[in-house]
Every structure is written in structure tokens, then in C-alpha cells.
Amino acid sequence: MGSGLGRNLGLILALILLFVVGAITGGERFASIENILTLVRFASIIGVLSIGMTFVIIGGGIDLSVGSVLGLASVVATLSWVQIFAEQTTWVIMVVVAIAVGALAGLVNGIVISYGRVVAFMATLAMLVAARGLAEIFSNRTSQIVRDNSFVEFFGRGDFLGIPSLVWMFAIVAAVGWVLLNKTTFGRRTVAIGGNREAARLAGINVKRHTVYLYVIAGLAAGIGAVMILGRTTAGVSTHGSLYELDAIAAVVVGGTLLAGGRGTIIGTVFGVLIFATLTNIFTINNLNTSIQAVAKGIIIVLAVMLQQALAERGNARKR
């Protein structure tokens, strides 16, 4: 993990610089404990989605549906029949339902892409539209209120050692993701498939099945994100997660993961998430127009991709 921190030194410096800029431009409003907690709570939900997205992109794919799947999972988990069942048993049922919906959507994505041979961009774009439509149908375009206060207390207002529950959830997901990517055969196969699918297949890796697993991981992350957003907002809404997929992809790319696949780190993604969350917080505190915020984020993403390409070309030149 230490070498990972060394490789991400530039991201660390960028984050420190942003905190300095935030403190100068926002003063106490930025540096207050309350604002920092708001920042990390927001970062945690996008962060969990980004961890799942990291696996997909390192494996050579893309998932545009995670935001919509999060919205669908939040709606299904808060439907009346689910909540009635949860009231008779435990709110864990709501958590299981949300994660199961996310995993199922990821499974469908993976099967369509691997065995249906549909390009990942189109398959997940279709899921984006379908999941949003299903969420509107199930919710009838109304908010599904979370009635269990203990659920909200645990996920929304709860903390441990002064750190919000949502941040702990992000930390746990990131730690599990780091172990899975760096210390297991699954992680090595993910990198191999993203680097060269044909070579991975010839090496004996079941590329199609492994690709399905990667999209299930992204779906699981969306399901966990649904639980987190329910805790924070206390309602399942079909619009939850709108455009979150773009924030997740941006965080992963800024964190150094190659869009072409085959290279990336969980630590880089964590810093990418924190950088984007801090940037958004600075924009908000300084009342910057949301349209200008979107333009600024777009410029940062383009610069990150250009930097990636330059580094990749330099690496290829050294190999030659």
C-alpha cells in the first residue's frame, strides 16, 4: 500500500493544494468540521460507486448505468411491501433488497456484454434508461419515505469514533476492493483481461465469465450506494444517482486508471473521489454557477485523459 501512495504523490499534492485554495477562498465556511463532514459524506457515496467502476474500467469495460441502478435500488428497497416485511423482521431486509437489485442489474449487464456480445457502452446505456424507467414505474414518480428511524439513525446520522457511518462504509468497500485487486488471483485476472483480452483467453482465463463478475461488482457497489443515499436523504426517489456514473468515471480517470483498461489502483480512485468532492465543495461554497462547475469538471477530465495518453506514449517509447 505504501508503494501505491508513492505512485499517487501527484494526487496527494493536488488534494492538499485544493484544501489550501478552499481555506483561502471559503475561509471558516470551508475549514469548519461541519463542512468537512458534509464533504466526506458526499464523497462516500460517489466513492463506493467509483470502487466498482474501477474494476470495470481496469477490466477494459465501462458502466454508464450505476447511477440509475442506484436510483432503482433505492426505490425498490423503500416500496411499502419491502418496508412492511422489514418492520416485521429487521431493516437488514431493506439493505439486502437494495444490494440484490444492484447485483441483479450488474448481472444482466455482464451477461448481455459477455454472452450477447453487445458493446459495453450500449449495453449499460440501455440499462441506464431501463433502470430509470423502472424506478419511475415502481415509485409512480413519488418519494418513497423510509419509515424505519433506526435505519436512518444507523446509516444517515450514525457515527463511530466521530466518523460518519457513510465514511466507514466507503473505507470498508475501498479496503475490500484493494485486497481483491492487489492480493488475489481475481485482481490479477482483471488486470490481464484489461491489458489484452486475447492473451488472457489464451492463458486460460474464462474472459466472458470474469467480465460478468466485474459488472456484478459494479452493480453491488450501486446497491450499497442506494443504502447510503437512503440513510442520507431518508427517501427512495427515482432521480437518485442522476449523473453519478459520470462523477464515478471522472474520479476513476483522475485517479490514474487507464480508460483503455489494464492499469489502475484503488488508492488512486480514492484520491480521485476526494479531489472531485473537494472541488465541488469549493465551487458550492463560493456560489459558482452549476453550469460553470460542469464546464470546469469537463476540462479537468479532458486534461486527465490527455495526461494519461502522454504518460502511456512515454512508457511505450521507453519499451521500444
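Leu 79 is found in the loop that runs between helix H5 (66-77) and helix H6, and this is a convenient place to enter the structure, which is a predicted model. With a relative accessibility of 12%, Leu 79 counts as buried, because the term applies to residues under 20% relative accessible area. Once its neighbours within four places in sequence are left aside, Leu 79 is in contact with Phe 138 and Gln 144. A further link to a later part of the chain appears in the backbone, where the C-alpha atoms of Leu 79 and Ile 145 are separated by 8.6 Å although these residues are 66 residues apart along the chain.

From here the reader can turn to the aromatic side chains, of which the structure holds 9 pairs. One of them joins Trp 91 and Phe 151, whose ring centres are 5.9 Å apart and whose planes stand at 80°, so the pair is edge-to-face. Trp 91 lies in the loop between helix H6 (80-88) and H7, while Phe 151 lies in helix H9 (residues 149-157), and the pair therefore ties together parts that are 60 residues apart in sequence. Phe 151 has a relative accessibility of 1%, and so it counts as buried. Trp 91 and Phe 151 also belong, with Phe 154 and Phe 155, to one aromatic cluster.

The next stop is the surface, where a nonpolar patch of about 920 Å² is made by residues including Leu 104, Val 108, Tyr 115, Phe 121, Met 122 and Leu 125. Two helices, H7 (92-114) and H8 (120-139), each supply at least two residues of this nonpolar patch, and H7 gives the most, with 5 residues. Leu 125, one of the residues that make the patch, lies in helix H8. At 30% relative accessibility, Leu 125 counts as partly exposed, because that class covers values between the limit for buried, under 20%, and the limit for exposed, over 50%.

The last residue on this path is Thr 211, which is found in helix H13 (residues 207-233). Thr 211 has a relative accessibility of 5% and so counts as buried. Which residues does Thr 211 contact when its neighbours within four places in sequence are left aside? They are Ile 113, Ser 114 and Arg 197. Two of these names lead back to helix H7, since that helix spans 92-114 and Thr 211 is in contact with Ile 113 and Ser 114.

Methods: Residues numbered from 1 in each chain as written. Predicted model: local features only at pLDDT ≥ 70, side-chain atom pairs only at ≥ 80, totals over all residues. Heavy atoms only, no water. Patch = residues over 30% accessible without salt bridge, like charges linked within 9 Å, V, L, I, M, F, W, Y side chains within 5 Å. Areas by Shrake-Rupley, 256 points an atom, 1.4 Å probe, with all protein chains shown as cover. Salt bridge = Lys/Arg side-chain N within 4 Å of Asp/Glu carboxyl O. Helix = DSSP H or I, 4+ residues; strand = E, 2+ residues; numbered from the N terminus. Buried < 20%, exposed > 50% of the residue type's maximum accessible area, 1.4 Å probe, protein only. Contact = heavy atoms within 4.5 Å. Phe/Tyr/Trp six-rings, centres within 6.5 Å; stacked < 30°, edge-to-face > 60°.
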